[in-house]
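Please report on the pockets in this structure. Cover their volumes, their linings and the elements that form them.

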Amino acid sequence: MAHALTNRAMVDMDLGDGPTTVELASAALADEKRLCAKVKVQALQQAAHGHALVGDRRACDQLLDRAGRLIDRIDDDHPWGVATRTPLYLEIQRATCYSRMRLGAEAVRLWDQVMPFAEWRSSGVFAARQAAALADDRRPDEAVAALEAAVHVAEKVESARLRQELTTAWERLAPWHHASHGQEVRALFDGIGLPTTP
């Protein structure tokens, strides 16, 4: 039941519904003592994402710190939830949360740690999130370079999540939409059929 609630929380997180994400993840943790480490980590990180969506950094950090103390206890070989054993898993989650909260410089520092170790398929989503953080940190040249890397993945992988992250990064680049940076991104997005606002 807790695993199912966590998966539902992930859906609401993708929809940008922070309060519902928190509610479902908290319900998953209601009987925390009976949960295996993997489910606890999943629920804690989903709750962290929910709090990030509503701008509660303190709760987000506390939940991710709790999850971090459990990572080494994940010892099962079930195929579900294997991402929890990915190197830098919690750094990825924290970077994503910080990007959502528009904590530019702090998010960029985390993405700089993550990107060299990202698997190719995941690298597109991560590069788009990195681009959004770079835009928030007012580094448009680097943001465009990160988006170029993300688009290269999007050319070969059909991913709704990646396209949504690219759109979010474009929105964060709003101050440069009418500058050369905006023109570069429009050209990149045109190549994959992704619309941009005027």
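## Terms and model

Lining residues are those with an atom within 4 Å of a point of the pocket. Helices are DSSP runs of at least four residues, numbered from the N terminus. The model is predicted.

## Largest pocket

The largest pocket holds about 770 Å³ of space. Its lining has 28 residues. Nearest the centre lie Ala83, Tyr89, Ile92, Gln93 and Phe126.

Four helices give two or more residues each to this lining: H1 (2–14), H3 (37–53), H5 (89–100) and H7 (120–136). H5 gives the most, with five residues. By type, the lining of the largest pocket splits into 12 nonpolar, 12 polar and four charged residues.

## Second largest pocket

The second largest pocket has a volume of about 440 Å³. Here 18 residues form the lining. Asp14, Arg100, Gln164, Glu165 and Thr168 lie nearest the centre of this pocket.

H1, H3, H5 and H7 each supply at least two lining residues here, and so does helix H9 (160–172). Which helix gives the most to this lining? H9 does, with seven residues. The lining of the second largest pocket divides into seven charged, six nonpolar and five polar residues.

## The two linings side by side

H5 gives the most to the lining of the largest pocket, whereas H9 gives the most to that of the second largest. Charged residues number four in the lining of the largest pocket and seven in that of the second largest.

Terms used. Residues numbered from 1 in each chain as written. Predicted model: local features only at pLDDT ≥ 70, side-chain atom pairs only at ≥ 80, totals over all residues. Heavy atoms only, no water. 1 Å grid on protein atoms, 1.4 Å probe; cavity = no way out; pocket = protein on both sides within 12 Å on 5 of 7 lines; lining within 4 Å. Points joined across faces, edges and corners; volume = space filled by probe spheres on them. Nonpolar A, V, L, I, M, F, W, Y, C, P; charged D, E, K, R; others polar.
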